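Good morning, colleagues. Please have the sequence and the model open as I speak, and I shall take the cysteines before turning to the cores and one helix.

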Amino acid sequence: MSEVKLFSGTNSKQLAEKIAKHYGKRLGDLTMSKFSDGEMSPSFNESVRGCTVFLIQSTNPSADNLLELCLMIDAAKRASAYKVCAVIPYYGYARQDRKDRPRVSIAAKLVANILTSAGADRIMTCDLHAGQIQGFFDLPLDHLNGSAIFVPYLERLDTKNLIFAAPDVGGVARARSYAKHFEVEMVVCDKHRKRANEVASMQVIGDVEGKDVVLVDDLVDTAGTLCKAAQIIMDKGALSVRAIATHGVLSGKAYENIENSVLQELVITDTIPVKQSSEKIRVITVSDLFAKAIHAVTGNTSISALFI
């Protein structure tokens, strides 16, 4: 078996250090130099010849961090690494996974092509915006599920009147999987958008009166949809509303929206570094989940045990 080495891009240093600690190795030594105009140049400060290399980097903000990851992959391949696995806790551009109107890019597919062309032998990620993005890759992809992190947290809450809600129609399957696990009902918030990040109208399909509602999503960006859904659910007679979302993009007025909302709390993971603290935002780590997946990959064992 080849030696395993873990390296981090600049965007995921904290998470990578946690993953390495859970895995039982130190992070490898890598320098990311920059020219005065911002051009990046990665270099490995230790040999990776014949090694299985895991490069940990979330691609948010998308462009610079994606290019940095590609340069790291290329450098590792040119340094004669045996295999290169791109560990992408948050896969940027995943929201553009289809042509939903004329003359637009399918960016999620383009990014898959770029990573493949850069020389990645394997991809490891968590909670893609749409599961079918896995089909954009012609190489092995390990798609981890945030439920392995959130389910134990929700079980500790011991809520009696639990019910799950999808903040939009696209999240129905995700919310249904939680409802099935806890053997409770679910509702759907049907929304209509005028444009990206702006909700025109929303209505709740289902009964939430007297319930403790958990909104389930893969990511929260400006938090506009989430906060509006929470308000409508409370107006319908719910006892409380909290939300779980794997990726805390939290751009624009997200923190302000969350602070001013009726949400009891928003639970996210550390796939993306949190920019500021908030009493309503709780962060739980995915480091152990990724460390176990890396152990399974390097040991040629199944990752099925990581799914709930």
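Cys227 is buried, with a relative accessible area of 12%; buried means under 20% relative accessible area, exposed over 50%, and partly exposed in between, computed with a 1.4 Å probe on protein chains only. The closest cysteine sulfur to that of Cys227 belongs to Cys189, 12 Å away, which is too far for a bond. This is a predicted model, in which local features need pLDDT of at least 70 and side-chain atom pairs count only at pLDDT 80 or more, while totals for chains, interfaces and linings use all residues. Residues are numbered from 1 along each chain as its sequence is written, and side-chain values use heavy atoms, with hydrogens and water left out.

How many disulfides does a search of the whole structure find? The search finds 0, a disulfide being a pair of cysteine sulfur atoms within 2.5 Å. Cys85, for its part, has its nearest cysteine sulfur in Cys126, 14 Å away. Cys85 is also buried, at 3% relative accessibility.

Cys85 leads us to Phe54. Leaving aside neighbours within four places in sequence, Phe54 is in contact (heavy atoms within 4.5 Å) with ten residues' worth of surroundings that include Cys85, Leu6, Met124 and Ile294. Phe54 also belongs to the largest nonpolar core, which has 45 residues; Leu6, Phe54, Met124, Leu144 and Phe164 touch the most other members. A nonpolar core here is a set of buried Ala, Val, Leu, Ile, Met, Phe, Trp, Tyr and Cys residues joined through side-chain atoms within 4.5 Å. Helix α8 supplies the largest share of this core, 7 residues. Another core, of 36 residues, lies apart from it and has Met40, Ile73, Ala118 and Leu128 among its members.

I turn now to helix α1, residues 13–23. Helices (H or I, at least four residues) and strands (E, at least two) are DSSP runs, numbered from the N terminus. Which residues of α1 are buried? They are Leu15, Ala16, Ile19, Ala20 and Tyr23. Seen down the axis of α1, these buried residues fall within an arc of 135 degrees, so they line one face of the helix; the arc is that of the directions from the helix axis to the C-beta atoms. Gln14 and Lys21, on the other side of α1, are exposed. The buried residues pack against β1 (4–8), β4 (52–56) and α8 (287–298). After α1 comes Gly24, with a positive phi near 100 degrees.

Finally, Asp221 sits in the loop between β11 (212–220) and α6 (224–235). Asp221 is buried, at 11% relative accessible area, and its side chain is joined to that of Ser251 by a polar contact of 2.2 Å.

Technical notes
Polar contact = N/O pair within 3.5 Å; in protein donor to acceptor, adjacent residues only side chain to side chain.
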